[in-house]
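User: Please take me through one part of this model in detail, the packing of its interior, and set it against the rest of the chain. I would like every cut-off stated as you go.

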Amino acid sequence: MECMEDSIKSNALHIDENGIVAGSFFDRFVKEEDEEQSEAGVNYVILNEAEIRQRQEDDILRVSTALSESRAAAIVLLRHFNWNLSKLFDHWFDDEDQVRNVVGLYRTPIVLQIMSDHPIACGICFEICNNITNSTVWASCGHPFCRDCYGGYISKSINDEGPGCLFLRCPDPSCSAAVGEDMIGMLIMDNSTKLKYSRYLLRSYVEDSYRRRKIKWCPAPDCDYAVDFFDFIGNCRTGFDVHCRCSFNFCWNCNEEAHRPVDCDTVAKWNMKNKDESENANWILVNTKSCPQCKRLIEKDHGCNHMRCAPPCRYEFCWHCLGEWSSKSFHSCNKYLSEAVSEADETEIKRREVVKASLLKYTHYYNRWAANLRSRQKALEAIRVVQAEYLDRLSFVYGQEKPLLRFITEAWQQIIRCRRVLQWTYAYGYYFPQHQWAKKQFFEYLQGEAEFSLERLHYCAEKELVKYLDGEGSVQDFMDYRLKLAELTSVIGNYFKNLVRALEDGLSEVESNGTYWSCELCSFMNSLPTKRCQMCHNFPMTINL
């Protein structure tokens with residue numbers, strides 16, 4: 001059987017002394033262009049506010065024309081059916097009267113009336129309305145109210161109830177007639193209140209039609225773009241990444257920041273663990289001990305091992321052995337006495353060791369997860385500086401047009417993407433099944449290769465660019481640097497795309513190549529028939545499968 005060494009060497013990412021990448025792993029994958037949308041098998045379009053509003057207006061016009069109803073009535077109907085035109089038409093043509101009664105659109109039209117000969121009392125303030133300034137108005141139900149009271153009622157609903165104002169009904173408690181957009185435009189004089197209602201209406205078009213249309217807002221703060229999804233071919237468990245025009249990348253399934261190759265359930269568990277107070281409890285358990293007398297937890301914050309419990313206990317004991325500290329004699333616990341360790345003490349010691357090991361494991365993965373997060377954040381800051389300052393300076397020094405310097409921003413964009421992938425591989429590694437030794441060793445090897453290659457790209461884009469900003473390199477040197485950085489960007493990008501695929505596929509290639517065991521000395525993965533490590537020639541005590 002082919003040895004694992006040849007397999008790993010053939011899959012490695014090789015970088016020569018000049019920094020040029022010579023190869024990448026997984027030859028079975030085809031190198032594609034860096035087009036995330038087509039690669040993931042997803043199809044979506046990013047819509048701005050004007051485009052969303054145009055779609056909304058088109059739907060309103062279609063309903064108004066098909067049903068011969070006013071614009072305001074069409075909006076009321078669409079809101080009730082969550083902007084589902086087919087459902088609306090089915091119910092309307094099946095039983096129009098029932099639909100009218102349910103949504104509150106009675107056949108009597110809205111009337112603005114001046115009652116000079118027949119005074120009417122307002123249903124809110126009970127004042128007589130008999131002139132032009134106190135004219136009455138009512139919805140399709142016919143309940144009369146003066147303009148001031150009706151306008152105040154609508155304005156308060158918009159400002160206090162939020163999106164609930166879209167379901168506004170007649171002020172009469174016993175009436176369910178709908179208050180449409182035409183009455184709002186007629187009675188509300190404050191432009192800011194009208195604008196607020198318009199915003200609620202626009203947002204309802206996206207939020208209330210999500211299940212049918214598969215459209216949602218970008219979850220980034222202060223972003224007004226929406227994503228309209230219309231096809232998906234991929235892993236529904238891991239979802240897919242959406243790249244918004246605001247530069248925020250998020251997962252379609254869970255709305256969290258993009259997290260491939262980790263699935264949404266793992267992200268939820270990881271985020272919960274990072275926030276969980278139980279980690280504080282674990283720290284307390286590992287770094288404190290109980291007073292032997294009162295059992296109160298004590299933290300050792302000084303070097304001396306002579307401990308004194310707080311009042312009212314004041315018990316004095318040794319931090320190491322928890323034995324009583326006698327002031328009359330010298331305390332010593334350096335001798336090992338097997339009979340001195342009780343069964344309860346052994347249980348406590350084992351429990352602490354288990355918890356400490358668990359905490360150390362979590363700390364290892366979290367620190368590296370957080371470090372890559374910080375590196376990505378710094379890269380985001382760096383790319384802004386590159387676009388705002390560096391490109392102009394390089395264009396001036398080397399006489400290059402800005403489009404020709406795009407390779408620098410592309411490198412930084414690749415760094416940001418790869419940092420995010422590398423960041424989440426540590427959450428992937430934390431939850432990796434411990435019994436799958438072969439896969440775990442292979443995963444850690446691939447992760448190490450990814451980290452090494454990304455650091456090389458990051459160094460090239462950040463450190464090696466400095467001398468050219470000061471004009472220290474020649475034009476030919478700068479052209480060589482351009483070729484080097486572009487090559488690194490392309491090949492390392494392909495490496496990370498293939499890494500994501502492999503991890504999302506559960507590293508099935510390891511299973512397809514047979515069973516392996518890891519060397520206890522060097523961790524090299526050897527094929528099962530091999531009894532001696534092919535890397536260090538060590539004979540293992542046991543074989544870890």
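Analyst: The account below starts with the whole chain, turns to the interior and its rings, and ends with some backbone details.

This is a predicted model, in which local features need pLDDT of at least 70 and side-chain atom pairs count only at pLDDT 80 or more, while totals for chains, interfaces and linings use all residues. Residues are numbered from 1 along each chain as its sequence is written, and side-chain values use heavy atoms, with hydrogens and water left out.

The protein has 18 helices and 16 strands, taken as DSSP runs numbered from the N terminus (H or I of at least four residues for helices, E of at least two for strands). Of its 545 residues, 42% are buried, where buried means under 20% relative accessible area, exposed over 50%, and partly exposed in between, with a 1.4 Å probe and protein chains only. Contact here means heavy atoms within 4.5 Å; among the contacts between residues at least 6 apart in sequence, 58% join residues at least 24 apart.

The part to look at closely is the largest nonpolar core, which has 54 residues; such a core is a set of buried Ala, Val, Leu, Ile, Met, Phe, Trp, Tyr and Cys residues joined through side-chain atoms within 4.5 Å. At least two residues of this core come from each of helix 11 (264–275), helix 13 (343–398), helix 14 (406–430), helix 15 (437–462), helix 16 (466–469) and helix 17 (475–504), and helix 14 gives the most, with 14 residues. Leu394, Ile408, Trp412, Leu485 and Phe496 are the residues with the most contacts inside the core. For Phe496, leaving aside neighbours within four places in sequence, the partners are Cys418, Val421, Leu422, Ala450, Ser453 and Leu454. Apart from this core lies another, of 50 residues, including Leu78, Leu168, Ile215 and Ala226.

The aromatic rings deserve their own look. Rings of Phe, Tyr and Trp (its six-membered ring) pair if their centres lie within 6.5 Å, and planes under 30 degrees apart count as stacked, over 60 as edge-to-face and the rest as tilted. The whole structure holds 30 aromatic pairs, and one of them is Phe89 with Phe93, which is tilted at 6.2 Å centre to centre with 35° between the planes. These two lie about one helical turn apart because they are four residues apart in helix 5 (residues 85–94), and Phe93 is exposed, with a relative accessible area of 57%. Elsewhere, ring pairs join Trp270, Tyr362, Tyr365, Tyr366, Trp369, Trp424, Tyr426, Tyr430 and Tyr431 into a cluster. Two lysines reach rings of this cluster: the charged end of Lys269 sits over the ring of Tyr431, 4.5 Å from its centre, and that of Lys361 sits over the ring of Tyr430, 4.9 Å from its centre, the test being NZ of Lys or CZ of Arg within 6 Å of the ring centre and within 35 degrees of the ring normal.

Some backbone details remain. Trp83, in the loop between helix 4 and helix 5, has a positive phi of about 60° although it is not a glycine, and is buried at a relative accessible area of 0%. Ser68 also has a positive phi, near 55°, and lies in the loop between helix 3 (49–67) and helix 4 (71–80), but counts as exposed at 65% relative accessibility. Cis peptide bonds join Arg260 to Pro261, with omega about 15°, and Pro311 to Pro312, with omega about 5°.
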